[in-house]
Each structure stands twice: as C-alpha cells, then as structure tokens.
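Please find below my notes on the model you sent. They are set out as numbered points and can be read in any order.

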Amino acid sequence: GETIFSISVNLIISFFVGLFAHLYYKMHESNELLKEISTIDKLTGCYNRRAYDDKIEELKKDTLDNDFLCVTIDVNGLKQVNDTLGHAAGDEIIAGVAFCLRNSLADCAEFYRIGGDEFAVFAWMDEDEIEERKIAFNDCIKNWEGKIVDEFTVSTGYATRIEFPDKSITELIRISDKRMYENKKKFYEDKNKDRRVL
C-alpha cells in the first residue's frame with residue numbers, strides 16, 4: 001500500500017513540477033514577446049521610440065566606438081501625401097523607408113522609428129563604408145515603388161564619432177538633427193525654385 005501511495009505522491013509531484021516548469025517557460029516566453037511588442041514599431045518592424053531612448057541611456061554609459069555614427073532621417077512632404085492620397089499611402093512610404101534602411105544597412109546598424117515620419121539610425125562603419133552605404137540607401141529609395149505611391153524622398157543628416165571625437169551621444173544626435181533640418185530646408189527651397197522656373 002505504501003509503495004502505491006509513494007508512487008502516487010511522486011507522480012503528483014512530478015506532474016506539478018512539470019506543470020510549473022511549463023507555466024514558467026510560457027510566462028518567460030510571454031515576457032519576451034511583450035518586451036518585443038513594447039519595443040518594436042508594428043508598421044516598420046524597426047525599434048520604436050521607447051527602445052531608442054533606452055539605447056541612448058545605454059550608449060551614455062560607455063565610450064562610443066570610433067566607427068560609431070548616428071543618422072536622422074525625415075520623409076519629405078508626408079503630410080501632403082496623407083492629405084491627398086490618404087494615410088495608407090503615407091504608411092506605404094514609411095514602410096518603404098524601413099525597407100531601404102534594411103536593404104542597405106542591415107548588417108551594421110540599428111533602426112528606430114522615433115516619430116510619425118522620422119527615423120534614427122545608430123551604425124558602426126568606417127568613412128569609406130559610410131559613402132558606399134549612403135549610395136546604396138539613396139539608390140534603393142530612387143528605385144522604390146509602392147502600390148499606391150510611385151516615389152518618395154527623404155532628408156538626412158548624420159554625425160560621426162571620427163568627426164566629433166569629444167562629443168557625447170546626445171550632442172552627436174543634436175548635430176545629426178541640425179544637419180537633417182538644413183537638408184530639408186534646402187530641399188524645399190530647391191523645390192520652390194523649380195516651381196518658379198515652371
């Protein structure tokens with residue numbers, strides 16, 4: 001009788017240990033999934049603003065690598081696209097930016113969608129490679145074609161650790177932003193000049 005009893009007890013214990021192990025694993029899996037959901041932008045698959053802020057805090061703690069650079073990217077005229085062609089068209093462009101980033105930088109960079117039409121990139125590459133990747137990214141945008149929208153353009157700015165060895169991550173981002181806005185201003189000025197010619 002005792003043997004059957006001890007076997008039953010062992011079976012019950014084994015069952016609950018197994019059950020708890022399974023539940024723990026599922027909970028761990030759910031937490032990882034929740035973490036991923038909370039840091040990934042659904043439309044683009046890029047990291048989101050929350051992940052971006054966390055990454056900045058992480059980068060503040062260490063000395064930046066010599067081949068580090070940050071890039072700021074903003075879609076030109078997205079509001080006009082949303083107003084004239086609808087938000088599905090705007091979403092298509094935003095997804096297009098993410099596609100071109102992955103296509104040209106996937107192996108050496110992290111991508112973040114930090115606003116409606118604004119992206120940030122943290123990358124690690126030397127000066128020569130920056131030029132190559134810039135060309136690849138621009139080519140991808142030129143050749144991109146959506147179902148609703150035929151084309152789009154972006155304004156970009158970047159700052160490298162090599163160019164500014166004494167600057168912090170926050171200062172590099174500020175420089176990158178400033179350069180992006182300068183490029184955007186130039187883009188709209190050139191566009192208006194073109195309009196005047198026509």
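The points below cover charged pairs, cysteines, a surface patch and a few single residues.

1. Status of the model. This is a predicted model, and the remarks that follow should be read with that in mind.

2. Salt bridges, overall. Side chains of opposite charge can pair when their charged atoms come close. The count of salt bridges comes to 14. Three of the pairs are taken up in the next points, with the setting of each partner.

3. E110 and K55. These two residues form a salt bridge in which the closest N and O atoms are 3.5 Å apart. The pair links distant parts of the chain, with E110 in strand 2 (residues 109-113) and K55 in helix 2 (residues 49-61), 55 residues apart. E110 is partly exposed, at a relative accessible area of 22%. K55 has a relative accessible area of 13% and is therefore buried, the limit being under 20%. Salt bridges that share partners also join K55, E58 and E110 into one network.

4. D107 and R133. What is the N to O separation in the salt bridge between the side chains of D107 and R133? The value is 2.8 Å. D107 lies in the loop between helix 4 (87-105) and strand 2, and R133 lies in helix 5 (residues 127-143), so this bridge ties together parts that are 26 residues apart in sequence. The two ends are placed in contrasting surroundings: D107 is exposed, with a relative accessible area of 62%, while R133 is buried, at 15%.

5. K134 and E131. This salt bridge, 3.4 Å from N to O, is set within one element. Both residues lie in helix 5, three residues apart, which is about one turn of the helix. K134 is partly exposed at 34% relative accessibility, and E131 is partly exposed at 39%.

6. Cysteines. A disulfide is a covalent bond between the sulfur atoms of two cysteines. The model has zero disulfides. C46 is in none, and its nearest cysteine sulfur, that of C100, is 11 Å away. C46 is buried, with 2% relative accessibility. For C108, the closest cysteine sulfur is in C70 at 14 Å, which is too far for a bond. C108 is also buried, with a relative accessible area of 12%.

7. N76. Where does N76 sit? Its place is in the loop between strand 1 (68-75) and helix 3 (78-85). Is N76 buried or exposed? N76 counts as buried because its relative accessibility is 9%, against a limit of under 20%. The side chain of N76 makes a polar contact of 2.7 Å with the side chain of S155. Leaving aside neighbours within four places in sequence, N76 is in contact with T153, V154, S155, K184, F187 and Y188. S155 thus appears both in the polar contact and in the contact list.

8. D41. This residue is placed in the loop between helix 1 and helix 2. D41 is buried, with a relative accessible area of 14%. A polar contact of 2.5 Å joins the side chains of D41 and T44. Not counting residues up to four places away in sequence, D41 touches C46, Y47, N48 and R113. The C46 in that list is the buried cysteine of point 6.

9. F122. The place of F122 is in strand 3 (residues 118-124). With a relative accessible area of 1%, F122 is buried. How far apart are the C-alpha atoms of F122 and V71? They are separated by 6.5 Å, although the two residues are 51 residues apart along the chain.

10. Nonpolar surface patch. I12, F15, F16, L19, F20 and L23 make a nonpolar surface patch of about 600 Å². One of these residues, F16, is found in helix 1 (residues 2-39). F16 is partly exposed, with a relative accessible area of 39%.

Terms used. Residues are numbered from 1 along each chain as its sequence is written. This is a predicted model: local features need pLDDT of at least 70, side-chain atom pairs count only at pLDDT 80 or more; totals for chains, interfaces and linings use all residues. Side-chain values use heavy atoms; hydrogens and water are left out. Helices (H or I, at least four residues) and strands (E, at least two) are DSSP runs, numbered from the N terminus. Buried means under 20% relative accessible area, exposed over 50%, partly exposed in between (1.4 Å probe, protein chains only). A polar contact is a pair of N or O atoms within 3.5 Å; within protein, one must be able to donate a hydrogen and the other to accept it, and residues adjacent in sequence count only if both atoms are side-chain atoms. Contact means heavy atoms within 4.5 Å. Patches are made of residues with over 30% relative accessible area and no salt bridge: like charges are joined within 9 Å, nonpolar side chains (Val, Leu, Ile, Met, Phe, Trp, Tyr) within 5 Å. Accessible areas come from the Shrake-Rupley method with a 1.4 Å probe; for residues, only the protein chains shown count as cover. A salt bridge is a side-chain nitrogen of Lys or Arg within 4 Å of a carboxyl oxygen of Asp or Glu. A disulfide is a pair of cysteine sulfur atoms within 2.5 Å.
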